[in-house]
Amino acid sequence: MRPPLKALLFSLVCFAASPVQSADTLPALDLPEIQSALDAYRDSLATLGGTYEHTVESHGAHPGALVMEDLRFRSKFQVNFANGLVNLERTKSWRYRAISPDELFSHYQRDTFDGKISMTLLHTMGQTPAAVALERDADVPNRLNISQQTDALLGIAPWMCAGLWGREGNLGLADQLRRSGGRLLEPVTVHGALCYQVRIGDDITAALDPTKDFIPRRITRTKGGQLLESIDNLIVKQFRDPRREEDYWLPVESHCVALNVTSELTVVELDVNPVETRETYRIDPAGLPPGILVRDETRPATDSKHSYVTGGRDDLWRERQQRLLAQEKAMEERLREAAQKRSTRSEQPPVRVQPPPPISSYLWWIIVPSVAILFIGLWLLRNRG
């Protein structure tokens, strides 16, 4: 049975223990006590579910390229931290203003991980501008990929912002600290909260807020002195688990920077320790409609189940691919036209206002004729004499 989170954290950090404790200082805790607090927070959250939205902005130069604009994700999720299980349903929307300044593209996919197998169900685009729209095949399942890779699940998410899951082997801050060790740094104030600061291994630094379940208010990852990623939890909020009658602090607004990409994440709704079933974290190929391509990389290439079409309806798969190929060509043509226009405009020499030539360039036209006239005048006067 897990120890009550509040009781454990209260025993670790009791600000009333010292009546002379200053408001700008923290009780002296050692690294094992910090480790215990992180363990308690992790263990108290068996599962987490809800919905979040985040925007993505890419920085840097993209010469001659058309990039996705107004890129947004709306994601419904459920995560089991003890067993590393994930169900993530994402709808991505964006614009290509070169095709249409107002109409959106959108695309849905579902990713699951059951602790061993990763599955990604890709749909066709659910929304496209009228210029490249299809009459059929909008937002329907098209392909299921099965593998042991979890890269698709490593995008920015509330559980990552909370330090419950990380990019290093899917380990959260508690497990990373236990595996790699660490050291306490000087306390730091982040977003108005006085935090313990912990260096985990060589590359991760976390600022932990002891008044809010030791939730990280900032996490930074570096490599070789270069900043790879920073996560700032701007606003954290309490959520209640009605089953355990416990309250938990979790981030609801986060600002994330990773190399040349900036993300803003907002939690729409959150369910602490929701009821789950094993089917939550797995996609059953037998439950898909006919005509869906299944690629199972966990099976040998010689296995008949390595690559097949559901229901044996290869004809439905081929027909859909022909229509999708026509749509893709239409999109590429529109984008190529826009890229050519952009390239032509960029190749035209810029119009510059030419400054007037310096006055010295005019002096020769004045001095030389004047000297010539003077010599001619002197010659004429001498000849008359």
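# Notebook: strands, a helix and two cores

I started with strand 4 and found both of its faces covered. Phe105, His107, Gln109, Asp111 and Phe113 are buried on one side. Ser106, Tyr108, Arg110 and Thr112 are buried on the other. I note here that the model is a predicted one.

**Entry 1. The whole chain.** I looked up the overall counts next. The protein has six helices and 15 strands. It has 385 residues, and 40% of them count as buried. I also checked the contacts between residues at least 6 apart in sequence. Of these, 57% join residues at least 24 apart. The exposed surface comes to about 21,900 Å². Carbon and sulfur atoms supply 54% of that surface.

**Entry 2. Back to strand 4.** How many of the residues of strand 4 are buried? I got nine of nine, over residues 105-113. Then I looked for its partners. Strand 3, residues 85-95, runs antiparallel to strand 4, and nine bridges join the two. In that pairing Thr91 stands opposite Tyr108. Strand 5, residues 118-127, is also antiparallel to strand 4, with seven bridges. There I found Arg110 bridged to Leu121. The hairpin of strand 4 and strand 5 has four residues between the strands. In this hairpin Gly115 has a positive phi near 100 degrees.

**Entry 3. Following the pairing toward strand 1.** I then went the other way along the chain. Strand 2, residues 69-80, and strand 3 run antiparallel and are joined by 10 bridges. Arg74 stands opposite Thr91 of strand 3. I had already met Thr91 opposite Tyr108 in strand 4. The hairpin of strand 2 and strand 3 has four residues between the strands, and Gly84 there has a positive phi near 70 degrees. Strand 1, residues 47-58, pairs with strand 2 in the antiparallel sense over 10 bridges. Leu48 has Val79 of strand 2 as its bridge partner.

**Entry 4. Helix 4.** Which residues of helix 4 are buried? In this helix, residues 173-180, I listed Leu173, Ala174, Gln176 and Leu177. They span an arc of only 170 degrees around the axis, so they lie on the same side of helix 4. The general rule helps here. An α-helix has 3.6 residues a turn, so residues three or four places apart point the same way. On the other side of helix 4, Arg178 and Arg179 are exposed. I asked what covers the buried residues of helix 4. The cover includes helix 2 (31-44) and strand 7 (182-190). It also includes strand 8 (193-200), strand 9 (204-209) and strand 10 (215-223). Gly181 follows helix 4 and has a positive phi near 75 degrees.

**Entry 5. The cores.** In soluble globular proteins, nonpolar side chains tend to be buried together. I looked for such groups. The largest nonpolar core has 47 residues. Trp159 and Leu250 have the most contacts inside it. Strand 12, residues 246-258, gives the most to this core, with five residues. A second, separate core has 10 residues, including Phe73, Val132, Met331 and Leu335. I then listed the contacts of Trp159, leaving out residues up to four places away in sequence. Trp159 touches Tyr52, Phe77, Val79, Phe81, Leu88, Leu164 and Trp165. Val79 was also the bridge partner of Leu48.

**Entry 6. Cysteines.** How many disulfides does the structure hold? I found zero. Why is Cys161 not bonded? The closest cysteine sulfur, in Cys256, is 4.3 Å from that of Cys161, which is too far for a bond. The cut-off for a disulfide is 2.5 Å between the sulfur atoms. I checked the burial of both residues too. Cys161 is buried, with a relative accessible area of 0%. Cys256 is buried as well, at 4%.

**Entry 7. Two positive phi values outside glycine.** I noted Phe214 as a residue that is not a glycine yet has a positive phi, about 60 degrees. Phe214 sits in the loop between strand 9 and strand 10. Leu259 is not a glycine either, and its phi is positive, near 50 degrees. I placed Leu259 in the loop between strand 12 and strand 13 (261-272). Are they buried or exposed? Phe214 is buried, with a relative accessible area of 1%. Leu259 is exposed, with a relative accessible area of 54%.

Terms used. Residues numbered from 1 in each chain as written. Predicted model: local features only at pLDDT ≥ 70, side-chain atom pairs only at ≥ 80, totals over all residues. Heavy atoms only, no water. Buried < 20%, exposed > 50% of the residue type's maximum accessible area, 1.4 Å probe, protein only. Contact = heavy atoms within 4.5 Å. Areas by Shrake-Rupley, 256 points an atom, 1.4 Å probe, with all protein chains shown as cover. Pairing = 2+ DSSP bridges. Arc of directions from axis to C-beta. Core = buried A, V, L, I, M, F, W, Y, C linked by side-chain atoms within 4.5 Å.
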